[in-house]
Amino acid sequence: MILPDFLIGAHAVNERFGLLTRDAHRYRQTFPGLQLITPARS
């Protein structure tokens with residue numbers, strides 16, 4: 001799953017999109033400037 005996550009994150013950074021994810025740690029580590037949208041866990 002590392003390669004698909006990397007491609008999704010790179011595309012979001014390139015297009016200046018926010019990214020909805022439950023795995024914020026992985027994306028923050030690889031793409032520090034990426035705007036992440038993380039749903040609240042209930």
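Here are legends for a few close-up views of this predicted model.

**View 1. The largest nonpolar core.** Seven residues make up the largest nonpolar core here. If you want to select them, pick Ala-12, Leu-19, Ala-24, Tyr-27, Phe-31, Leu-34 and Leu-36. As background, nonpolar side chains in soluble globular proteins tend to be buried together.

**View 2. Leu-34 and its contacts.** This one zooms in on Leu-34, a member of that core. Leaving aside residues up to four places away in sequence, Leu-34 touches Gly-9, Ala-12, Val-13, Phe-17, Leu-19 and Tyr-27. Ala-12, Leu-19 and Tyr-27 from that contact list also belong to the largest nonpolar core.

**View 3. Arg-26 meets Asp-5.** How many salt bridges does a search of the whole structure find? It finds two, and one of them joins the side chains of Arg-26 and Asp-5, at 2.3 Å from N to O. The pair ties together distant parts of the chain: Arg-26 sits in helix α2 (residues 24-30) and Asp-5 in helix α1 (residues 2-15), 21 residues apart. Are the two partners buried or exposed? Arg-26 is partly exposed, with a relative accessible area of 31%, whereas Asp-5 counts as buried because its relative accessibility is 13%, below the 20% cut-off.

**View 4. Arg-26 again, now with Asp-23.** The side chains of Asp-23 and Arg-26 meet in a salt bridge too, this time at 3.6 Å from N to O. Asp-23 is partly exposed, at 34% relative accessible area. Put the pairs together and you get a salt-bridge network linking Asp-5, Asp-23 and Arg-26.

**View 5. A nonpolar patch on the surface.** Which residues form this patch? They are Leu-3, Phe-6 and Leu-7, and together they have about 320 Å² of accessible area. Leu-7 lies in helix α1. Leu-7 counts as exposed because its relative accessibility is 52%, and the cut-off for exposed is over 50%.

**View 6. Pro-32 in its loop.** Where does Pro-32 lie? Look in the loop between α2 and β2 (36-37). At 70% relative accessibility, Pro-32 counts as exposed. For a distance label, use Gly-9: the C-alpha atoms of Pro-32 and Gly-9 are separated by 10 Å, with the two residues 23 apart along the chain. Gly-9 also turns up in View 2, among the residues that Leu-34 touches.

Technical notes. Residues numbered from 1 in each chain as written. Predicted model: local features only at pLDDT ≥ 70, side-chain atom pairs only at ≥ 80, totals over all residues. Heavy atoms only, no water. Core = buried A, V, L, I, M, F, W, Y, C linked by side-chain atoms within 4.5 Å. Buried < 20%, exposed > 50% of the residue type's maximum accessible area, 1.4 Å probe, protein only. Contact = heavy atoms within 4.5 Å. Salt bridge = Lys/Arg side-chain N within 4 Å of Asp/Glu carboxyl O. Helix = DSSP H or I, 4+ residues; strand = E, 2+ residues; numbered from the N terminus. Patch = residues over 30% accessible without salt bridge, like charges linked within 9 Å, V, L, I, M, F, W, Y side chains within 5 Å. Areas by Shrake-Rupley, 256 points an atom, 1.4 Å probe, with all protein chains shown as cover.
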